[in-house]
Amino acid sequence: MARKYDRVPELSLKAYTDGDLTARREFEEALYEGFKYFGFIILKDHKVSRDLLQRAYDKSAEFFALPENYKMDFFRKDGQRGYTPFGREHAKDSDHPDLKEFWHVGREFEAGSALEKIYPANMWPEKPEGFRQTFIELYDALEDAGLAMLEALAPSLDVPRDFFRKMATDGNSILRLLHYPPVPEGADPGSIRAAAHEDINLITILVAANGAGLQLLDRDGKWLPVDTDPDNLIVDAGDMLARVCNDVIPATTHRVINPEGSVNESRYSMPFFMHPHSDALLSCLDSCKGDGAKYKDITAHEFLTQRLREIGLAE
Ligand SMILES: O=C(O)CCC(=O)C(=O)O
Ligand SMILES: [Fe+2]
C-alpha cells in the first residue's frame, strides 16, 4: 500500500491551533494520512497539563486500590457509568474476558438540564478525595483536544469544518479510567489485558499509559507497538467514523498485551471515547460514497446499543 508516512505520525496541536495556513494544512494532511494508513496518530504540544495528568493517574491508582466491596457500590450492569469489575468486558469477537477493571465518567450536567433525559448521571465516590474534580477537569481538557482533531479532519472529507464538531457537541463521550492489575496466577490463558478490538466511537483520545503493551494492527496485518512519551496523547479512529466515511478511514484494530518477562506490574491508562450526540445519524458522506455506501444509516444511539450488547455490557 502506498503510504506517505512510514511510521505513526507525530503532530503538534499547537501548530494547528496557533500556526499559519501552511502549518494548519500540513497538520490536516498528516492527520488524514496517519488515520488512513495507521488509524493512529500521536499528538504533542496539547493543552492537557502534565500536572493534571499526574493527578489523574494518582487518583485512578488510589481508587482502584480501594476494597472491592467499596468499588462494587458503583457497579451498574450496563457499564455506562461508575465501576466495572475485573473480568466483565470482552472484545466483540472474543469469548475470553479482558484482564482489566475500569471506571466510566460521562458528560456532567446540571440538575434540570435537557441532557438529564438522555444520559445517565455520573456516579462519584467520596474516596479518594478530589476524584470528581480531577476527572471533570480531565474530561473537559480531553474533549477540547478531541474537538480540535475532529475539526481538523473535516476538510479532508470535504465537509464543513464544524461538521463533526456539531455531531460531538453534547455527545455521549466517555472517559474510561483503566486498571490492568498484575496478571493473576491462573488467569484464563486465552485472556489478555485487552483483546484485539476496534473502538465503537468517532475517535479516541488516549492518554499515553504508564506502561507498554498497546499495539495496533497495521494495514499489512502486522502488530506495531504504540509507544510514546507519557506527555503525549494518542488519537485513534473508531467504528462510527469508519461508518460515516465508508471505511476510507477504517477503524483500527488494537489490543493491549500482557507484560513480558519478569515484570508483572499494574498498568493504568485513560482513553476518552468521543461519541456523537445520541440522535446523530451515522450516514455515509457524499465524498466517500465511491461505488456506494457499505453501511445502512443508523443513529449513534442504536449503533452504540448494538455494540454494547456484543461486548457483554448491555442485555
Ligand atoms: O489501555 C490502553 O492503552 C488502550 C485501551 C483501549 O484500547 C480501550 O479501552 O478501548
Ligand atoms: Fe480501544
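# Report on the open sheet, its helices and the ligand 1 shell

Helix α5 has 23 residues and spans 33 Å from its first C-alpha to its last, close to the 33 Å expected at 1.5 Å a residue; the expected span is 1.5 Å times one less than the number of residues. Helices (H or I, at least four residues) and strands (E, at least two) are DSSP runs numbered from the N terminus. The model is predicted: local features need pLDDT of at least 70 and side-chain atom pairs count only at pLDDT 80 or more, whereas totals for chains, interfaces and linings use all residues. Residues are numbered from 1 along each chain as its sequence is written, while chains are lettered from A and ligands numbered from 1 in the order in which they are written.

**The sheet.** An open sheet of 8 strands has the order β1-β2-β10-β7-β12-β5-β4-β3, with mixed pairing. Two strands pair if DSSP finds at least two bridges between them. At the edges stand β1 (10-12) and β3 (82-84), each of which pairs on one side only. From one strand to the next, the twist averages 25 degrees. The table lists three of the strand pairs.

| Strand pair | Sense | Bridges | Residues opposite each other |
|---|---|---|---|
| β4 (101-105) and β5 (174-180) | antiparallel | 5 bridges | His104 and Arg176 in β5 |
| β2 and β10 | antiparallel | 4 bridges | Leu43 and Leu233 in β10 |
| β7 and β10 | antiparallel | 5 bridges | Ile205 and Val235 in β10 |

**Strand β10.** A residue is buried if 20 or more other C-beta atoms lie within 10 Å of its own, exposed if 12 or fewer, and partly exposed in between, with C-beta atoms placed from the backbone. Because 5 of the 5 residues of β10 are buried, the strand is largely enclosed by the rest of the structure. Both of its faces are covered, with Leu233, Val235 and Ala237 buried on one side and Ile234 and Asp236 on the other.

**Helices on the sheet.** Strands β4 and β5, which pair in the antiparallel sense, are touched by two helices. Helix α3 (residues 50-64) packs on the sheet against β4, β5, β7 (203-207) and β12 (267-274), and its direction makes about 110 degrees with that of β12. Helix α5 (residues 131-153) also packs on the sheet, touching β2 (40-44), β4, β5, β7, β10 (233-237) and β12; its direction makes about 130 degrees with that of β7. Contact requires C-beta atoms, placed from the backbone, within 7 Å. Axes are lines fitted to C-alpha atoms, for helices over the stretch in contact, and angles run from 0 to 180 degrees between N-to-C directions. The buried residues of α5 include Phe131, Phe135, Leu138 and Leu142.

**Ligand 1.** The residues around ligand 1 (C-beta atom, placed from the backbone, within 6 Å) are Arg176, Leu178, Ala194, Asp199, Leu206, Ala209, Leu214, His254, Val256, Ser269 and Pro271. Strands β5, β11 (254-256) and β12 each supply at least two residues of this shell. The shell divides into 7 nonpolar, 2 polar and 2 charged residues.

**Backbone features in loops.** The peptide bond from Lys127 to Pro128 is cis, with omega near -10 degrees, and Pro128 lies in the loop between β4 and α5. Asp170, in the loop between α6 (163-168) and β5, has a positive phi of about 60 degrees although it is not a glycine. With 18 C-beta neighbours inside 10 Å, Asp170 counts as partly exposed. Asp247 is placed in the loop between α7 (239-244) and β11, and its phi is near 70 degrees. With 14 C-beta neighbours inside 10 Å, Asp247 counts as partly exposed.

Definitions and conventions:
Contact = placed C-beta atoms within 7 Å. Nonpolar A, V, L, I, M, F, W, Y, C, P; charged D, E, K, R; others polar.
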